Amino acid sequence: MQALTPHVYWAQRHGEIYLRVEISDAQSLSIGVEENILHFKGKGHGAKGENEYEFSLEFLKPVKPEVKHKSTQRQVNITVKKQEHVWWNRLTKQEKKPLFLAPDFDRWLDESDAEMELREKEEKINKINIESRVRKDPFLGLKKGFLFMYNLVQLLGYSWIFVNMTVRLFILGQDSFYDTFHTIADVMYFCQMLAIMEVINPAVGLVKTGVMPAFIQVMGRNFILFVIFGTLEEMQNKPVVFFVFYLWSMIEIFRYPFYMLACIDTEWKLLTWLRYTIWIPLYPLGVLAEAVAVIQSIPIFDETKLLSIPLPKAIGTSLSFSYILQLYLVIMFLGLFINFRHLFKQRSRRFHTKKRKAN
Ligand SMILES: CCCCCCCCCCCCC[C@@H](O)CC(=O)SCCNC(=O)CCNC(=O)[C@H](O)C(C)(C)COP(=O)(O)OP(=O)(O)OC[C@H]1O[C@@H](n2cnc3c(N)ncnc32)[C@H](O)[C@@H]1OP(=O)(O)O
(Lines give C-alpha, C1' and ligand atoms only; values in the text may rest on other atoms or scores of the structure.)
Protein backbone atom coordinates (compact mmCIF):
# COMPACT_ATOMS: atom_id res chain seq x y z
CA MET A 1 0.00 0.00 0.00
CA GLN A 2 1.61 3.30 -1.11
CA ALA A 3 1.48 6.07 1.50
CA LEU A 4 -0.57 9.14 0.58
CA THR A 5 -0.32 12.73 1.78
CA PRO A 6 -3.18 13.99 3.96
CA HIS A 7 -4.63 17.49 4.01
CA VAL A 8 -2.89 19.45 6.75
CA TYR A 9 -4.15 22.76 8.20
CA TRP A 10 -2.02 25.06 10.34
CA ALA A 11 -2.20 28.09 12.62
CA GLN A 12 0.25 29.69 15.05
CA ARG A 13 0.55 31.66 18.26
CA HIS A 14 3.70 33.41 19.52
CA GLY A 15 4.86 30.27 21.31
CA GLU A 16 3.19 27.40 19.43
CA ILE A 17 2.30 25.84 16.10
CA TYR A 18 -1.03 24.01 15.68
CA LEU A 19 -1.44 21.39 12.96
CA ARG A 20 -4.67 19.63 12.08
CA VAL A 21 -4.27 16.48 9.98
CA GLU A 22 -7.44 15.43 8.18
CA ILE A 23 -7.49 11.70 8.97
CA SER A 24 -10.34 10.13 10.88
CA ASP A 25 -9.99 7.10 13.20
CA ALA A 26 -6.23 7.33 12.95
CA GLN A 27 -4.17 4.37 14.14
CA SER A 28 -0.49 3.34 14.38
CA LEU A 29 0.54 6.98 14.62
CA SER A 30 4.21 7.90 14.52
CA ILE A 31 4.79 11.62 15.00
CA GLY A 32 8.08 13.26 15.90
CA VAL A 33 10.47 16.12 15.24
CA GLU A 34 14.01 15.41 14.16
CA GLU A 35 16.46 18.09 13.09
CA ASN A 36 13.60 20.58 13.03
CA ILE A 37 11.60 18.41 10.59
CA LEU A 38 8.21 17.04 11.61
CA HIS A 39 7.62 13.45 10.40
CA PHE A 40 4.07 12.13 10.41
CA LYS A 41 2.98 8.57 9.64
CA GLY A 42 -0.33 6.86 10.40
CA LYS A 43 -3.21 4.77 9.11
CA GLY A 44 -6.75 6.08 8.88
CA HIS A 45 -9.53 7.42 6.72
CA GLY A 46 -8.39 10.44 4.73
CA ALA A 47 -9.25 12.28 1.49
CA LYS A 48 -8.49 9.14 -0.51
CA GLY A 49 -10.24 6.67 1.76
CA GLU A 50 -8.72 4.15 4.12
CA ASN A 51 -4.97 4.24 3.64
CA GLU A 52 -1.57 4.88 5.09
CA TYR A 53 -0.76 8.60 5.18
CA GLU A 54 2.49 10.41 5.72
CA PHE A 55 4.13 13.81 5.32
CA SER A 56 7.15 15.80 6.47
CA LEU A 57 7.51 19.52 7.16
CA GLU A 58 10.72 21.40 7.75
CA PHE A 59 9.90 24.34 10.03
CA LEU A 60 10.93 27.89 9.27
CA LYS A 61 12.54 28.42 12.71
CA PRO A 62 13.73 26.11 15.51
CA VAL A 63 11.06 24.21 17.43
CA LYS A 64 11.29 22.07 20.57
CA PRO A 65 11.69 18.35 19.86
CA GLU A 66 8.79 17.21 22.03
CA VAL A 67 5.45 17.06 20.17
CA LYS A 68 1.95 16.75 21.62
CA HIS A 69 -0.77 15.05 19.61
CA LYS A 70 -4.35 14.00 20.09
CA SER A 71 -6.28 11.77 17.76
CA THR A 72 -10.05 12.22 17.54
CA GLN A 73 -12.69 10.47 15.43
CA ARG A 74 -12.35 13.21 12.81
CA GLN A 75 -8.73 14.38 12.85
CA VAL A 76 -5.30 14.37 14.45
CA ASN A 77 -4.34 17.57 16.31
CA ILE A 78 -0.65 18.27 16.74
CA THR A 79 0.96 21.00 18.88
CA VAL A 80 4.62 21.91 18.49
CA LYS A 81 6.32 24.48 20.75
CA LYS A 82 8.54 27.14 19.18
CA GLN A 83 12.02 27.59 20.63
CA GLU A 84 11.53 31.36 20.75
CA HIS A 85 8.37 33.40 21.31
CA VAL A 86 8.34 35.06 17.90
CA TRP A 87 5.85 35.39 15.11
CA TRP A 88 6.69 33.44 11.93
CA ASN A 89 6.03 34.78 8.43
CA ARG A 90 5.26 31.28 7.19
CA LEU A 91 5.36 27.71 8.47
CA THR A 92 7.98 26.01 6.36
CA LYS A 93 11.60 26.64 5.55
CA GLN A 94 10.88 26.25 1.83
CA GLU A 95 9.33 29.44 0.52
CA LYS A 96 6.79 27.70 -1.71
CA LYS A 97 3.87 26.40 0.33
CA PRO A 98 3.41 22.60 0.00
CA LEU A 99 0.22 21.73 -1.83
CA PHE A 100 -1.21 19.65 1.02
CA LEU A 101 -0.87 22.56 3.52
CA ALA A 102 -3.49 25.28 4.12
CA PRO A 103 -4.33 27.80 6.89
CA ASP A 104 -6.62 26.51 9.63
CA PHE A 105 -9.19 29.29 9.61
CA ASP A 106 -10.93 27.89 12.69
CA ARG A 107 -7.83 28.75 14.78
CA TRP A 108 -6.28 31.40 12.54
CA LEU A 109 -5.21 34.69 14.17
CA ASP A 110 -2.96 37.38 12.75
CA GLU A 111 -0.06 38.68 14.82
CA SER A 112 -1.88 41.56 16.55
CA ASP A 113 -4.89 39.37 17.43
CA ALA A 114 -2.53 36.76 18.86
CA GLU A 115 -0.80 39.46 20.92
CA MET A 116 -4.15 40.58 22.26
CA GLU A 117 -5.04 36.98 23.12
CA LEU A 118 -1.69 36.61 24.90
CA ARG A 119 -2.25 39.84 26.87
CA GLU A 120 -5.74 38.74 27.87
CA LYS A 121 -4.33 35.40 29.05
CA GLU A 122 -1.61 37.19 31.08
CA GLU A 123 -4.18 39.53 32.61
CA LYS A 124 -6.34 36.56 33.58
CA ILE A 125 -3.34 34.81 35.19
CA ASN A 126 -2.38 38.01 37.05
CA LYS A 127 -5.94 38.41 38.31
CA ILE A 128 -6.02 34.82 39.52
CA ASN A 129 -2.62 35.29 41.23
CA ILE A 130 -3.78 38.46 43.00
CA GLU A 131 -7.06 36.86 44.02
CA SER A 132 -5.31 33.75 45.38
CA ARG A 133 -2.79 35.90 47.27
CA VAL A 134 -5.62 37.86 48.85
CA ARG A 135 -7.44 34.63 49.60
CA LYS A 136 -4.30 33.17 51.18
CA ASP A 137 -4.36 35.71 54.01
CA PRO A 138 -7.89 36.48 55.13
CA PHE A 139 -6.57 38.84 57.85
CA LEU A 140 -4.53 41.02 55.48
CA GLY A 141 -6.95 43.94 55.74
CA LEU A 142 -7.02 43.67 59.53
CA LYS A 143 -3.22 43.51 59.73
CA LYS A 144 -2.80 46.53 57.47
CA GLY A 145 -5.45 48.42 59.43
CA PHE A 146 -3.66 47.67 62.70
CA LEU A 147 -0.27 48.74 61.31
CA PHE A 148 -1.77 51.88 59.84
CA MET A 149 -3.25 52.85 63.22
CA TYR A 150 0.00 52.00 65.04
CA ASN A 151 2.03 54.18 62.66
CA LEU A 152 -0.52 56.98 62.89
CA VAL A 153 -0.33 57.05 66.69
CA GLN A 154 3.48 57.09 66.57
CA LEU A 155 3.45 59.82 63.95
CA LEU A 156 1.15 61.97 66.09
CA GLY A 157 3.30 61.36 69.18
CA TYR A 158 6.60 62.15 67.51
CA SER A 159 5.18 65.11 65.57
CA TRP A 160 3.95 66.57 68.86
CA ILE A 161 7.44 66.08 70.36
CA PHE A 162 9.23 67.58 67.36
CA VAL A 163 6.92 70.58 66.95
CA ASN A 164 6.85 71.28 70.70
CA MET A 165 10.65 71.20 70.93
CA THR A 166 11.09 73.35 67.81
CA VAL A 167 8.61 75.99 69.00
CA ARG A 168 10.22 76.07 72.45
CA LEU A 169 13.66 76.37 70.86
CA PHE A 170 12.50 79.39 68.84
CA ILE A 171 10.78 81.05 71.81
CA LEU A 172 13.16 80.21 74.67
CA GLY A 173 16.40 79.67 72.78
CA GLN A 174 19.05 77.72 74.72
CA ASP A 175 16.90 77.85 77.89
CA SER A 176 14.65 75.25 76.33
CA PHE A 177 17.53 72.73 76.53
CA TYR A 178 17.26 72.48 80.30
CA ASP A 179 13.64 71.44 80.79
CA THR A 180 13.10 69.23 77.73
CA PHE A 181 12.63 66.17 79.90
CA HIS A 182 9.85 67.68 82.02
CA THR A 183 7.88 68.85 79.00
CA ILE A 184 8.42 65.92 76.68
CA ALA A 185 9.13 62.81 78.79
CA ASP A 186 5.52 61.60 79.21
CA VAL A 187 4.84 61.51 75.48
CA MET A 188 8.29 60.04 74.84
CA TYR A 189 7.64 57.31 77.43
CA PHE A 190 4.36 56.51 75.71
CA CYS A 191 5.87 56.39 72.20
CA GLN A 192 8.87 54.33 73.25
CA MET A 193 6.78 51.85 75.25
CA LEU A 194 4.56 51.46 72.22
CA ALA A 195 7.66 51.02 70.02
CA ILE A 196 8.12 47.56 71.60
CA MET A 197 5.53 46.60 68.99
CA GLU A 198 8.29 47.10 66.43
CA VAL A 199 10.11 44.08 67.84
CA ILE A 200 6.90 42.04 68.13
CA ASN A 201 5.65 42.89 64.61
CA PRO A 202 8.51 41.20 62.69
CA ALA A 203 8.67 38.40 65.29
CA VAL A 204 5.04 37.40 64.56
CA GLY A 205 5.44 38.01 60.81
CA LEU A 206 3.31 41.14 60.65
CA VAL A 207 6.09 43.01 58.82
CA LYS A 208 8.76 41.38 56.69
CA THR A 209 11.99 42.57 58.28
CA GLY A 210 14.56 41.39 60.80
CA VAL A 211 13.82 41.27 64.54
CA MET A 212 17.42 42.03 65.56
CA PRO A 213 17.76 45.58 64.15
CA ALA A 214 14.41 46.54 65.69
CA PHE A 215 15.44 44.99 69.03
CA ILE A 216 18.73 46.93 69.04
CA GLN A 217 16.93 50.14 68.15
CA VAL A 218 14.08 49.87 70.67
CA MET A 219 16.09 48.47 73.57
CA GLY A 220 18.94 50.92 72.96
CA ARG A 221 16.60 53.90 73.12
CA ASN A 222 14.59 52.56 76.05
CA PHE A 223 17.76 51.97 78.01
CA ILE A 224 18.69 55.64 77.62
CA LEU A 225 15.15 56.86 78.28
CA PHE A 226 14.15 54.71 81.23
CA VAL A 227 17.49 53.94 82.87
CA ILE A 228 19.75 56.94 82.23
CA PHE A 229 17.18 59.75 82.11
CA GLY A 230 14.32 58.08 83.98
CA THR A 231 16.20 56.99 87.12
CA LEU A 232 18.60 59.94 87.48
CA GLU A 233 16.99 63.25 88.26
CA GLU A 234 20.42 64.86 87.87
CA MET A 235 20.41 63.90 84.17
CA GLN A 236 16.96 65.27 83.45
CA ASN A 237 18.01 68.92 83.39
CA LYS A 238 20.99 68.40 81.10
CA PRO A 239 20.97 69.79 77.52
CA VAL A 240 21.91 66.32 76.21
CA VAL A 241 18.25 65.28 76.71
CA PHE A 242 17.26 67.89 74.14
CA PHE A 243 19.69 66.55 71.53
CA VAL A 244 18.76 62.91 72.10
CA PHE A 245 14.99 63.57 71.89
CA TYR A 246 15.31 65.94 68.93
CA LEU A 247 17.41 63.48 66.91
CA TRP A 248 15.04 60.59 67.68
CA SER A 249 11.95 62.55 66.68
CA MET A 250 13.54 63.97 63.52
CA ILE A 251 13.75 60.55 61.85
CA GLU A 252 10.38 59.36 63.11
CA ILE A 253 8.37 62.18 61.54
CA PHE A 254 9.47 60.75 58.18
CA ARG A 255 9.63 57.03 59.02
CA TYR A 256 6.07 56.61 60.33
CA PRO A 257 4.25 58.42 57.48
CA PHE A 258 6.35 56.34 55.07
CA TYR A 259 5.06 53.15 56.76
CA MET A 260 1.50 54.52 56.81
CA LEU A 261 1.58 55.02 53.06
CA ALA A 262 3.06 51.54 52.61
CA CYS A 263 0.01 50.15 54.47
CA ILE A 264 -2.26 51.63 51.82
CA ASP A 265 0.08 50.62 48.97
CA THR A 266 1.04 54.21 48.23
CA GLU A 267 4.44 55.77 47.84
CA TRP A 268 5.65 59.36 47.77
CA LYS A 269 9.09 59.44 46.22
CA LEU A 270 10.40 62.35 48.33
CA LEU A 271 9.22 60.72 51.56
CA THR A 272 10.83 57.41 50.58
CA TRP A 273 14.07 59.20 49.80
CA LEU A 274 13.98 61.03 53.14
CA ARG A 275 13.16 57.83 55.10
CA TYR A 276 16.10 56.00 53.54
CA THR A 277 18.56 58.91 53.56
CA ILE A 278 18.35 61.17 56.61
CA TRP A 279 19.38 58.39 58.98
CA ILE A 280 22.86 58.67 57.41
CA PRO A 281 23.71 61.82 59.38
CA LEU A 282 21.09 61.33 62.14
CA TYR A 283 22.04 57.84 63.30
CA PRO A 284 25.69 58.56 64.19
CA LEU A 285 24.66 61.89 65.73
CA GLY A 286 21.96 60.09 67.76
CA VAL A 287 24.42 57.47 69.00
CA LEU A 288 26.92 60.23 69.82
CA ALA A 289 24.31 62.11 71.86
CA GLU A 290 23.32 58.88 73.63
CA ALA A 291 27.00 58.14 74.35
CA VAL A 292 27.42 61.62 75.86
CA ALA A 293 24.38 60.93 78.09
CA VAL A 294 25.87 57.61 79.23
CA ILE A 295 29.27 59.20 79.94
CA GLN A 296 27.66 62.05 81.89
CA SER A 297 25.67 59.58 83.98
CA ILE A 298 28.69 57.45 85.01
CA PRO A 299 29.92 59.70 87.89
CA ILE A 300 26.34 60.10 89.13
CA PHE A 301 25.81 56.31 89.31
CA ASP A 302 29.21 55.99 91.01
CA GLU A 303 28.31 58.62 93.59
CA THR A 304 24.75 57.55 94.34
CA LYS A 305 25.44 53.81 94.09
CA LEU A 306 22.09 53.59 92.36
CA LEU A 307 21.46 50.25 90.55
CA SER A 308 24.78 48.89 91.87
CA ILE A 309 24.92 45.11 92.03
CA PRO A 310 25.48 43.60 95.53
CA LEU A 311 28.44 41.19 95.65
CA PRO A 312 29.37 38.41 98.09
CA LYS A 313 31.26 39.86 101.09
CA ALA A 314 34.47 37.98 100.17
CA ILE A 315 34.79 39.93 96.86
CA GLY A 316 33.63 43.37 97.97
CA THR A 317 30.48 45.29 98.83
CA SER A 318 28.92 46.04 95.42
CA LEU A 319 29.64 46.42 91.74
CA SER A 320 28.90 49.95 90.56
CA PHE A 321 26.45 50.28 87.70
CA SER A 322 29.06 52.46 85.98
CA TYR A 323 30.96 49.29 84.96
CA ILE A 324 27.87 48.07 83.15
CA LEU A 325 27.59 51.49 81.51
CA GLN A 326 31.18 51.26 80.29
CA LEU A 327 30.39 47.88 78.78
CA TYR A 328 27.20 49.35 77.34
CA LEU A 329 29.22 52.05 75.55
CA VAL A 330 31.07 49.31 73.67
CA ILE A 331 27.81 47.43 72.91
CA MET A 332 26.31 50.68 71.71
CA PHE A 333 28.91 51.16 68.98
CA LEU A 334 28.50 47.51 68.03
CA GLY A 335 24.74 48.15 67.78
CA LEU A 336 25.40 51.25 65.71
CA PHE A 337 27.52 49.20 63.32
CA ILE A 338 24.87 46.43 62.99
CA ASN A 339 22.02 48.86 62.37
CA PHE A 340 24.03 51.10 60.09
CA ARG A 341 24.81 48.07 57.91
CA HIS A 342 21.15 46.97 58.04
CA LEU A 343 19.90 50.41 57.02
CA PHE A 344 22.45 50.60 54.19
CA LYS A 345 21.19 47.26 52.88
CA GLN A 346 17.56 48.40 53.17
CA ARG A 347 18.47 51.61 51.35
CA SER A 348 20.23 49.93 48.43
CA ARG A 349 17.54 47.20 48.22
CA ARG A 350 14.89 49.91 48.01
CA PHE A 351 16.64 52.16 45.47
CA HIS A 352 18.29 49.36 43.47
CA THR A 353 15.05 47.42 42.90
CA LYS A 354 13.21 50.68 42.09
CA LYS A 355 15.82 51.47 39.43
CA ARG A 356 15.57 47.95 38.00
CA LYS A 357 11.77 48.25 37.87
CA ALA A 358 12.09 51.58 36.06
CA ASN A 359 14.40 50.11 33.35
C1 LIG B 1 19.64 46.71 77.63
C2 LIG B 1 19.96 45.92 76.46
C3 LIG B 1 20.16 46.77 75.26
C4 LIG B 1 20.65 45.98 74.12
C5 LIG B 1 20.80 46.80 72.88
C6 LIG B 1 21.96 47.61 72.88
C7 LIG B 1 22.18 48.27 71.54
C8 LIG B 1 22.62 49.62 71.67
C9 LIG B 1 22.73 50.31 70.32
C10 LIG B 1 21.80 51.41 70.24
C11 LIG B 1 21.92 52.23 69.01
C12 LIG B 1 20.60 52.93 68.80
C13 LIG B 1 20.81 54.34 68.53
C14 LIG B 1 19.53 55.05 68.17
O15 LIG B 1 18.70 55.04 69.29
C16 LIG B 1 19.82 56.42 67.75
C17 LIG B 1 18.73 57.00 66.93
O18 LIG B 1 17.67 56.53 66.73
S19 LIG B 1 19.16 58.47 66.24
C20 LIG B 1 17.91 58.88 65.12
C21 LIG B 1 18.09 58.21 63.78
N22 LIG B 1 17.66 56.88 63.85
C23 LIG B 1 17.30 56.17 62.76
O24 LIG B 1 17.33 56.62 61.64
C25 LIG B 1 16.83 54.76 62.96
C26 LIG B 1 15.36 54.69 62.76
N27 LIG B 1 14.89 53.31 62.95
C28 LIG B 1 14.73 52.43 61.97
O29 LIG B 1 14.94 52.69 60.81
C30 LIG B 1 14.22 51.06 62.37
O31 LIG B 1 13.89 51.08 63.68
C32 LIG B 1 15.20 49.91 62.02
C33 LIG B 1 14.81 48.66 62.81
C34 LIG B 1 16.62 50.30 62.41
C35 LIG B 1 15.10 49.58 60.53
O36 LIG B 1 13.79 49.35 60.14
P37 LIG B 1 13.30 48.12 59.22
O38 LIG B 1 14.22 46.97 59.31
O39 LIG B 1 11.90 47.81 59.56
O40 LIG B 1 13.46 48.67 57.76
P41 LIG B 1 12.41 49.27 56.76
O42 LIG B 1 11.91 50.58 57.22
O43 LIG B 1 13.09 49.26 55.43
O44 LIG B 1 11.18 48.26 56.75
C45 LIG B 1 11.27 46.97 56.14
C46 LIG B 1 9.90 46.55 55.62
O47 LIG B 1 8.99 46.41 56.70
C48 LIG B 1 7.92 47.33 56.55
N49 LIG B 1 7.63 47.88 57.87
C50 LIG B 1 8.48 47.99 58.90
N51 LIG B 1 7.87 48.54 59.94
C52 LIG B 1 6.61 48.80 59.55
C53 LIG B 1 5.49 49.39 60.20
N54 LIG B 1 5.58 49.84 61.45
N55 LIG B 1 4.35 49.48 59.49
C56 LIG B 1 4.25 49.06 58.21
N57 LIG B 1 5.28 48.50 57.55
C58 LIG B 1 6.43 48.37 58.22
C59 LIG B 1 8.41 48.40 55.60
O60 LIG B 1 7.38 49.04 54.91
C61 LIG B 1 9.29 47.61 54.71
O62 LIG B 1 8.48 46.91 53.77
P63 LIG B 1 8.87 46.82 52.22
O64 LIG B 1 10.25 46.22 52.18
O65 LIG B 1 7.82 45.98 51.63
O66 LIG B 1 8.86 48.24 51.73
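The pLDDT is the predictor's confidence in each residue, on a scale from 0 to 100. Helices (H or I, at least four residues) and strands (E, at least two) are DSSP runs, numbered from the N terminus.

**Model and confidence**

This is a predicted model, in which local features need pLDDT of at least 70 and side-chain atom pairs count only at pLDDT 80 or more, while totals for chains, interfaces and linings use all residues. Residues are numbered from 1 along each chain as its sequence is written. The protein has a mean pLDDT of 92, and 97% of its residues reach 70 or more. Confidence is lowest in helix 1 (residues 111-136), where the mean is 83, and highest in helix 7, at 98. For the complex, the predictor gives an ipTM of 0.96 and a pTM of 0.70.

**The two sheets**

Two strands are taken to pair if DSSP finds at least two bridges between them. Strands of a sheet pair through backbone hydrogen bonds, either parallel or antiparallel.

One open sheet consists of five strands in the order 6-7-2-1-8, with mixed pairing. Its edge strands, each pairing on one side only, are strand 6 (63-71) and strand 8 (101-103). Neighbouring strands of this sheet are turned by 25° against each other on average, direction ignored; axes here are lines fitted to C-alpha atoms, for helices over the stretch in contact, and angles run from 0 to 180 degrees between N-to-C directions.

Within this sheet, strand 1 (residues 8-12) and strand 2 (residues 16-21) are antiparallel and share five bridges. A hairpin of three residues connects strand 1 to strand 2. Strand 1 also runs parallel to strand 8, to which three bridges join it. Tryptophan 10 takes part on both sides: it stands opposite leucine 19 in strand 2, and its bridge partner in strand 8 is proline 103. In a regular strand the side chains alternate between the two faces of the sheet. In strand 1, Val8, Trp10 and Gln12 make up the covered face, and Tyr9 and Ala11 the uncovered one.

Another open sheet has three strands in the order 3-4-5, with antiparallel pairing. Strand 3 (24-34) and strand 5 (49-58) are its edge strands, each pairing on one side only. Here the average turn between neighbouring strands is 10°, direction ignored. Strand 4 (residues 37-46) pairs with strand 5 over ten bridges in the antiparallel sense. Lysine 43 has glutamate 52, in strand 5, as its bridge partner.

**Annotated helical stretches**

The UniProt annotation "transmembrane region", from an unreviewed entry, covers residues 145-167, 187-207, 214-232, 244-264, 276-301 and 321-340. UniProt positions are given in the numbering used here, feature names are shortened, and annotations may be inferred rather than shown by experiment. Two of these stretches are described in the table.

| Stretch | Helix | Strand | Distance between end C-alpha atoms |
|---|---|---|---|
| Residues 214-232 | 95% | 0% | 26 Å |
| Residues 321-340 | 100% | 0% | 28 Å |

**The ligand shell**

A residue is near a molecule or strand if its C-beta atom, placed from the backbone, lies within 6 Å of it. Of the 34 residues around the ligand, those that come nearest are Gly220, Tyr259, Trp279, Gly286 and Gly335. Two or more residues of the shell are given by each of helix 2 (140-172), helix 5 (211-231), helix 7 (239-263), helix 9 (279-304) and helix 10 (321-358). Helix 5 gives the most, with eight residues. The shell comprises 21 nonpolar, nine polar and four charged residues. Ala, Val, Leu, Ile, Met, Phe, Trp, Tyr, Cys and Pro count as nonpolar, Asp, Glu, Lys and Arg as charged, and the others, Gly among them, as polar.

**Individual residues**

A residue is buried if 20 or more other C-beta atoms lie within 10 Å of its own, exposed if 12 or fewer, and partly exposed in between, with C-beta atoms placed from the backbone. Methionine 219 is found in helix 5 and counts as partly exposed because it has 14 C-beta neighbours inside 10 Å. Methionine 219 lies 20 residues from valine 199 in sequence, and their C-alpha atoms are 9.4 Å apart.

Most residues other than glycine have a negative phi. Glutamate 35, although not a glycine, has a positive phi of about 50°. Glutamate 35 is placed in the loop between strand 3 and strand 4 and counts as exposed, with 6 C-beta neighbours inside 10 Å. Aspartate 265, also not a glycine, has a positive phi of about 50°. Aspartate 265 lies in the loop between helix 7 and helix 8 (269-275) and is exposed, since 7 other C-beta atoms are within 10 Å.
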